[in-house]
Amino acid sequence: MKNLLKYLKGYEKQCVLGPLFKLLEATFELLVPLVVARIVDQGIGSGNTGYIVKMCLVMVALGIIGLVMAVCAQYFSAVAAVGFSTRLRHVLMEHILHLSYSQIDQLGTSTMVTRMTSDINQVQNGVNLTLRLLLRSPFVVFGAMVMAFTIDFQAALVFAGVIPVLCLIVFGIMLITMPMYKRVQSALDGVTSATRQNLAGVRVLRAFCKEDAEVAGFEEKTGGLTTRQLSAGRISALMNPVTYVVINLAVVILVNVGAVKVEHGFLTQGLVIALYNYMSQILVELIKMANLIITLAKAVACGNRLSAVLKLESDQADGEEKAEKLSGEVEFRDVTARYAGSASPSLEHISFHARPGQTIGIIGGTGSGKTTLVNLIPRLYDAAEGAVLLDGKNVRDYNMVSLRQKIGVVPQKAVLFKGTIRQNLKWGNENATDDQLWQALKTAQAQEVVQGKDGGLDAPVEQGGANFSGGQRQRLTIARALVRKPSILILDDSASALDYATDANLRMAIRNMDNPPTTFIVSQRAASVRYADEILVLDDGLLVGRGTHDDLLKNCPTYQEIYYSQFPKEAAGNA
């Protein structure tokens with residue numbers, strides 16, 4: 001949690017002024033019981049109406065000044081807390097985006113969403129309340145005790161005895177609840193994960209009539225979260241009643257002592273009322289302190305979770321070489337790759353050489369390592385052994401930003417972002433002209449899609465591209481990659497929703513581009529890779545075949561099995 005305080009830099013003035021105005025407010029509040037005592041002793045006691053009115057006006061003035069001080073304190077505290085959380089959210093998002101895919105896989109999407117939202121909100125509330133109450137409440141408590149000693153030493157001993165007992169209760173409960181709130185936030189990760197999964201797969205759930213099963217699973221997770229929250233809440237809830245009991249016992253003792261002293265003439269009735277008011281102020285402030293402690297316990301637990309993410313260093317060292325001019329030559333030298341936590345490698349001893357402008361087809365069964373292979377080129381993952389070379393240089397030597405600017409990646413899942421078609425396409429090149437955008441759309445066979453939309457390039461795109469069909473989304477994501485005019489183009493099963501004719505036209509258009517990129521086509525459809533310059537056949541992470549379509553049909557059983565399962569008539573003809 002301490003590591004996060006550096007993000008308050010730039011808000012030093014607000015962090016000083018907020019507590020300062022709160023202390024000023026508390027000072028005026030401590031004067032109110034003395035004014036009440038004078039009203040009782042000198043005004044009511046002597047029947048002096050003018051004095052009563054005068055002191056009432058003084059009390060009203062103290063209240064107004066205190067209100068102004070409180071509003072100023074709230075303003076400065078809110079500015080600091082919101083600014084702190086905004087900066088922290090930006091830093092956390094930037095940090096997550098610089099982590100490797102392996103680290104993001106390990107962290108999980110749901111826990112990152114929880115930390116970005118709920119955890120940061122809890123920390124923001126903690127900072128806000130800390131600036132307002134951390135100094136004010138102890139100041140009022142000890143200030144009230146000091147004021148009590150100025151009134152009567154023996155009566156003030158009640159204050160001196162009750163304050164340590166209350167502090168012991170408050171801090172004892174805090175120490176117990178802090179780890180419990182940490183477990184609550186962990187349970188919230190599970191609920192977030194279940195919610196995200198169910199919302200993303202709602203169509204599949206309905207198709208398989210799994211609503212009841214998922215509801216039961218969701219209720220189990222929320223039940224676990226509720227149980228943990230109740231456990232922490234029950235202990236936290238003890239704070240108010242226990243402190244009330246202690247304070248009220250102290251009030252009984254105080255009134256008893258004060259009554260005796262009034263009877264013997266050592267105290268006036270007004271001063272006893274002042275002592276009672278100071279005891280009430282202590283009660284109110286300790287309740288505020290109790291709530292602050294509960295909020296701080298949550299904030300510290302959440303802050304530690306945020307710090308754990310920020311302490312993660314990317315396990316991918318960035319190179320210094322600028323990839324300004326890549327010809328598109330790609331070479332794999334005895335490459336082995338494995339995912340974190342996996343017992344067996346995803347790829348083993350892969351070697352091949354792709355020349356600039358070539359089209360390389362990659363085919364294989366599900367889980368054979370096709371996506372893993374192409375992800376090594378832009379360093380979305382790093383090879384565990386061997387080397388991936390671009391233009392003869394190890395991919396690790398390149399600066400990752402400059403490297404990825406030269407590579408167009410179209411992932412398996414076609415993702416579009418809320419906005420317009422133009423905004424989505426300009427992710428590839430923010431300086432692209434309309435002519436360049438239309439050219440990319442034409443090559444990607446998406447020109448008719450955009451022309452058919454009201455607004456053309458400025459047609460709206462809903463979140464995830466929900467207002468486009470699967471094939472339209474795929475073509476638009478391919479166009480987005482082509483806008484970049486990449487040296488290397490990776491199509492990771494990104495034409496699976498296209499019909500064979502559109503798929504063929506797409507491949508032909510890419511091949512006929514000016515300075516065509518070195519293209520990697522990952523597919524499970526043999527028709528998509530049939531006319532590639534070279535086809536790589538993967539099976540369970542091994543390169544079991546390499547060559548042209550005709551070569552592989554002669555000497556690669558795995559390719560034969562895939563091809564003839566999709567074109568059975570040719571298999572029958574050969575038989």
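## Salt bridges

In this predicted model, R136 is buried, because its relative accessibility is 1%. R136 forms a salt bridge with E29, and the closest N and O atoms of the two side chains are 2.3 Å apart. The bridge connects distant parts of the chain: E29 belongs to helix α1 and R136 to helix α5, with their positions 107 residues apart in sequence. E29 has a relative accessible area of 23%, so this residue counts as partly exposed.

The structure holds 17 salt bridges. Another of them pairs E285 with K288, with 3.5 Å between the closest N and O atoms. Both residues are in helix α10, and because they are three residues apart, about one helical turn separates them. E285 has a relative accessibility of 1% and therefore counts as buried, whereas K288, at 30%, counts as partly exposed. A third bridge joins the side chains of K418 and E462, at 3.4 Å from N to O. This pair also links distant parts of the chain: K418 is in the loop between β6 (407-410) and β7 (419-420), and E462 is in the loop between β8 (460-461) and α16 (470-483), 44 residues away in sequence. K418 is exposed, with a relative accessible area of 62%, while E462 is partly exposed at 35%. Through shared partners, salt bridges join K22, E25, E29, R136, E285 and K288 into one network.

## Nonpolar core

In soluble globular proteins, nonpolar side chains tend to be buried together. The largest nonpolar core here has 49 residues, and those with the most contacts inside it are F159, I247, L275, Y278, M279 and I282. Six helices each supply at least two residues of this core: α1 (12-44), α4 (109-133), α5 (136-151), α6 (153-200), α9 (239-263) and α10 (269-310). Helix α10 gives the most, with 16 residues.

## Surface patch and a contact in space

V60, I64 and V68 form a nonpolar patch on the surface, and their accessible area together is about 260 Å². V68 is in helix α2, which spans residues 49-97. With a relative accessibility of 42%, V68 counts as partly exposed.

L23 and M69 are 46 residues apart in sequence, and their C-alpha atoms are 8.7 Å apart in space. L23 is part of helix α1. At 23% relative accessibility, L23 counts as partly exposed.

## Aromatic rings

A pair of aromatic rings is described by the distance of the centres and the angle of the planes. There are ten aromatic pairs in the structure. For Y75 and F76, the ring centres are 5.3 Å apart and the planes are at 70°; an angle over 60 degrees counts as edge-to-face, so this pair falls in that class. The two residues fall into separate accessibility classes: Y75 is exposed at 52% relative accessibility, and F76 is buried at 16%. Elsewhere, ring pairs link Y559, Y563, Y564 and F567 into a cluster.

Charged side chains also sit over rings. K453 lies over the face of F468, at 4.5 Å from the ring centre. The charged end of R525 is over the ring of Y500, 4.7 Å from its centre.

## Backbone: positive phi

Most residues other than glycine have a negative phi. H349 is not a glycine, yet its phi is positive, near 55°. H349 lies in strand β2, residues 347-354, and is partly exposed, with a relative accessible area of 48%.

D391 also has a positive phi without being a glycine, at about 50°. D391 is in the loop between β4 (385-390) and β5 (393-394). At 24% relative accessibility, D391 counts as partly exposed.

Notes: Residues numbered from 1 in each chain as written. Predicted model: local features only at pLDDT ≥ 70, side-chain atom pairs only at ≥ 80, totals over all residues. Heavy atoms only, no water. Phe/Tyr/Trp six-rings, centres within 6.5 Å; stacked < 30°, edge-to-face > 60°. Buried < 20%, exposed > 50% of the residue type's maximum accessible area, 1.4 Å probe, protein only. Lys NZ or Arg CZ within 6 Å of the ring centre and 35° of its normal. Patch = residues over 30% accessible without salt bridge, like charges linked within 9 Å, V, L, I, M, F, W, Y side chains within 5 Å. Areas by Shrake-Rupley, 256 points an atom, 1.4 Å probe, with all protein chains shown as cover. Salt bridge = Lys/Arg side-chain N within 4 Å of Asp/Glu carboxyl O. Helix = DSSP H or I, 4+ residues; strand = E, 2+ residues; numbered from the N terminus. Core = buried A, V, L, I, M, F, W, Y, C linked by side-chain atoms within 4.5 Å.
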